[in-house]
Amino acid sequence: AVAVCASVGTAVAEPVDLYSSTSNAMDPMCINGPAALDAGRPPVRGAELRCHGQPPITSRCWWEFVPTSLRVPPPGAASRPVALHVDLHGATSCAYQRAAKSGYASAAEAAPDAIVVWPNAKTSELWNAGSCCAGNPPATDDLGFLRQMVADVVAQRRASPHPINLRRIFVTGHAEGCMLAQSLLIWLPGL
């Protein structure tokens, strides 16, 4: 895995303001995804909510975006492995907001060579990124969740015409999400 960290404005065509008044933890869509799904409002067109575990208590969820040409390949399209891009939200934000504002879905649609996933922190919109961060209790195993999420996505795509290329797993993050991305590289280098 490769980690890339960003602050305001990630690698997209135009900068996005992740600190605007519409980007805060009070956003009703920042409630671990299922409520957003019930409202019929995915963060980006084509994104789907996925969960690991039994809802609502033990499940961990993420939004997953597969570019149109990878979901519905043109007739005669050759099978080819694609990258997996894991994008982590910052503190007091959520996967829904990150997906809606990062621009990575548009980039993936324009150059369909990656599936993008936006996982959600378990509690208080905070990741357990190590001793740096006091928000999440140390018992929250966010690294284990990310490892399992990647394994689930890889397994789900294994039989598809576009499986995940295990040598092309990328992790990006904003602020505390960046800290977790770096922790992931240190503690799970083989991911």
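1. A charge is taken to sit over a ring when NZ of Lys or CZ of Arg is within 6 Å of the ring centre and within 35 degrees of the ring normal. In this predicted model, the charged end of R60 is placed over the ring of F145, at 4.0 Å from the centre of that ring.

2. The ring of F145 also takes part in an aromatic pair, and the model has two aromatic pairs by the rule used here. The ring centres of W62 and F145 are 6.3 Å apart and their planes stand at 50°, so this pair is classed as tilted. Because W62 belongs to strand β3 (residues 60–65) and F145 to helix α5 (residues 142–157), the pair ties together parts of the chain that are 83 residues apart in sequence. Both W62 and F145 are buried.

3. The other pair is formed by W63 and Y96, and its geometry is edge-to-face, with 5.9 Å from centre to centre and 75° between the planes. W63 lies in strand β3 whereas Y96 lies in helix α3 (residues 95–102), so here the parts tied together are 33 residues apart in sequence. W63 is buried, and Y96 is buried as well.

4. Helix α3, which contributes Y96 to that pair, is mostly covered, with seven of its eight residues buried. The buried residues of α3 are A95, Y96, Q97, R98, A99, K101 and S102, so a reader looking at the charged side chains of R98 and K101 should note that both are counted as buried under the cut-off of 20% relative accessible area. After α3 comes G103, which has a positive phi, near 85°.

5. On the other side of α3 in sequence, C94 is found in the loop between β4 and α3, and with a relative accessible area of 2% this residue is buried. The C-alpha atoms of C94 and W118 are 8.6 Å apart in space, although the two residues are 24 residues apart in sequence.

6. Strand β4 deserves a separate look, since seven of its seven residues are buried and the strand is therefore largely enclosed by the rest of the structure. β4 pairs with β6 in the parallel sense over six bridges, and in that pairing V82 has I164 of β6 as its bridge partner. β4 also pairs with β5, again in the parallel sense, over four bridges, and A83 stands opposite A114 in β5.

7. What lines the largest pocket? Its lining is made up of 13 residues, of which H85, Y104, A107, A114 and F170 lie nearest the centre, and the pocket holds about 250 Å³ of space. The elements that give two or more residues to this lining are β4 (82–88), α4 (104–110), β5 (114–119) and β6 (164–174). By class, the lining residues are nine nonpolar, two polar and two charged.

8. A last point concerns N128, which is located in the loop between β5 and α5. Is N128 buried or exposed? Its relative accessibility is 15%, and N128 therefore counts as buried, given that the cut-off is under 20%. The C-alpha atoms of N128 and L143 are separated by 8.2 Å, with the two residues 15 residues apart along the chain.

Technical notes:
Residues numbered from 1 in each chain as written. Predicted model: local features only at pLDDT ≥ 70, side-chain atom pairs only at ≥ 80, totals over all residues. Heavy atoms only, no water. Phe/Tyr/Trp six-rings, centres within 6.5 Å; stacked < 30°, edge-to-face > 60°. Buried < 20%, exposed > 50% of the residue type's maximum accessible area, 1.4 Å probe, protein only. 1 Å grid on protein atoms, 1.4 Å probe; cavity = no way out; pocket = protein on both sides within 12 Å on 5 of 7 lines; lining within 4 Å. Points joined across faces, edges and corners; volume = space filled by probe spheres on them. Nonpolar A, V, L, I, M, F, W, Y, C, P; charged D, E, K, R; others polar. Pairing = 2+ DSSP bridges.
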